[in-house]
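Take a look at the fold before reading on. Keep the strand and helix numbering at hand.

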Amino acid sequence: MNDTNQTIRSGKERVKELDLLTTIPELLTHHLAVRPDDVIYKVYSNADKAWKDLTVKNVYDEVHDWRHAFAARTSLVRGDRVAMLMTNCPEAVYFDLAALSNALVPVPLHAIDTPKSSAFILNDSGAKVLVTNKLLKWKQIRDAAELPALELVVITDDKDCDDLEAAIPVMSLATFIKEGLQSKLPAEGPKPTDLAALVYTSGTTGNPKGVMLTHRNILSNIRGVLQQVMPHEKETLLSFLPLSHTFERTTSYYLALGLGFTTAFNRSIATLQEDFRQIRPSILMSVPRVYEMIYNKLQDGLAKKGKLVQYLFDWAVEVGWRRFCRQNGLPVEPSARAFLDPLVVAFLDKKVGKQLRSVFGDNIHLFISGGAALSPNVAKTFLALGVEIIQGYGMTETSPIISVNKPGYNHPNTVGPALPNLEVRLGEGDELQVRGPSVMQGYWHREDATREIFEEGGWLKTGDVCSIYPDGNIRITGRIKEIIVTSTGEKIPPADLEAAIETDRLFSQSMVMGDDRPFISALVVVNPEEWKTVCNELKIDPTDPASLTDPKAKKLALRRIKAATAGFPNYGVPRQVTLLSEPWTIDNGMLTPTLKMKRRVIVAQYKAEIEAMYDALAGKR
């Protein structure tokens, strides 16, 4: 306990250092005088088959070279945009810090986005330079659209790619760095009010918009987070969410860098569990989808076990949930066997809890979930089994974090209280509105959209419907634009309903609809493994496409949906369902790069199926 208190006190000392910083590059440079040899990044070397350490001084030297390379491009002037399309890696950090140090504006592109979308962002931002890791990526973007503002493309991984005579010159990273060696750095660095990024929103409807964030916006958000959640003196993180995602950018990158933490770059999603084991992170920054995928695998595994294993699992969750509630000041559900908790807790944790926690390594003390809502069933299971997830909430337009729960006062049905340096209020229709130093400057070249999202007095409209409890905790109940209003006037938040449906392992994805319709219906993508089990029970062929429209299968699916949504009012429970086998992905255009559903695209794709669901019950309305 004394060691823990000491690390927390030391952590507070490092937090105080950040109070003196005014621009993002100082998150690195302020370490030089006091801890130049501290390891701040780890990257896996395929050549050596080992993790390579990068110290503060190593990173500073690389950033210095990149600064000279940018300075050699004489057409680049203060405030010009430069774009990056790379996976998480040290070069992404060098690019970003060098651009910011030279008072340029980074434009992070989604590494898994389509070439057409990347081309749109390049044109909309007017980026003059693009840095990407593969020549093929550049060729795909080049073929997707004309790019009149782009002057140079730098390729980091492919060596023999120099084509300086091309319409848009291409050069390798080595050439880019070499040409800058003798250049003179800008006389003046960035100011707190300069743009630190144009981060393009995911674009669930229409083209994405460039969110203008300043150095002050981002540093203010970091300070607000650290008033709510205090880390230890030295933490280790594993970065696997895209750095183009503002949540990852602010937390695993900027916040971690400012505190001198060690961040390891995940090799790939395929090696994620092995990287957890090798790196042993102490903090996990993740999105609900990762926790939900692990939960679904857990449920699939349980389904194949005997009744005793399933019974022990359920009992472990029951006992663990009571423990969690007691520790966090929540009501404890009564149970006739609660008196047995002290006698069985250690046994159940060894058999169940430790098995789950081992998936994440053996060193994490802080699990953070942001970017979207976490399913209540998933949250309860993980929290009960010792994976104590702290949920937060935010949006790109607020740099991004608005609120976060606190360890020891963690209320999983909320997203916690607002950060201390932000104000929140309820607007029309109980819409959450936010004001404070981390709120964006507006949308790039989109004055109309900027005016639309702001209320008088600088209040940003989040588009989320919520309740604010007396203790300050915020509960998000739906989206203003996504609230379904049926023809009978009933209102249903689709996200909550979809999360409930997906707690049944038969359904890996779901989308509900019912605007101006007499009832709710659902499109669901089935889990292949569970679908086989269901089809075997119903004596139908799971490989036959006709199985998805078999009346017996649809009846069973509706029954399971009804059970999963038992907590909703009757008018909110889907009365019709369409079963689908093809997952919604980024590649097929159904998901954004941050894994949000493109509802309009999905509705357009399955228009005939949706109409058929309502026609089928037309005579019963």
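The paragraphs below go through a sheet, a helix pair and a covered helix.

This is a predicted model. Start with the open sheet. Three strands build it, in the order β8-β9-β18, and their pairing is antiparallel. The edges belong to β8 (195–200) and β18 (442–443). Each has a single partner strand, so one side of each is left without a neighbour in the sheet. Strand β9 (residues 210–214) pairs with β18 over two bridges, in the antiparallel sense. Val211 has Tyr443 of β18 as its bridge partner. Helix α8 (residues 215–228) packs on this sheet and touches β8 and β9. The directions of α8 and β9 make an angle of about 75°.

Next, the helix pair. Helix α12 (residues 307–327) packs against helix α14 (residues 376–384) at about 85°, and their axes lie 7 Å apart. Angles of 65 to 115 degrees count as roughly perpendicular, so α12 is roughly perpendicular to α14. From α12, the contact takes in Phe313, Ala316, Val317, Gly320, Trp321, Arg323 and Phe324. From α14 come Lys380, Thr381, Leu383 and Ala384. By class, the contact residues are seven nonpolar, two polar and two charged.

Last, the covered helix. How many of the eight residues of α16 are buried? Six are, so to speak of α16 (residues 494–501) as mostly covered rests on the cut-off of under 20% relative accessible area. The buried residues are Pro494, Leu497, Glu498, Ala499, Ala500 and Ile501. Their cover includes the strands β22 (484–485), β23 (491–492), β24 (507–513) and β25 (521–526). Helices α18 (551–564) and α19 (599–605) also take part in covering them.

Conventions
Residues are numbered from 1 along each chain as its sequence is written. This is a predicted model: local features need pLDDT of at least 70, side-chain atom pairs count only at pLDDT 80 or more; totals for chains, interfaces and linings use all residues. Side-chain values use heavy atoms; hydrogens and water are left out. Two strands pair if DSSP finds at least two bridges between them. Helices (H or I, at least four residues) and strands (E, at least two) are DSSP runs, numbered from the N terminus. Contact means heavy atoms within 4.5 Å. Axes are lines fitted to C-alpha atoms, for helices over the stretch in contact, and angles run from 0 to 180 degrees between N-to-C directions. Buried means under 20% relative accessible area, exposed over 50%, partly exposed in between (1.4 Å probe, protein chains only). Angles under 35 degrees count as roughly parallel, over 145 as roughly antiparallel, 65 to 115 as roughly perpendicular and the rest as oblique. Ala, Val, Leu, Ile, Met, Phe, Trp, Tyr, Cys and Pro count as nonpolar, Asp, Glu, Lys and Arg as charged, and the others, Gly among them, as polar.
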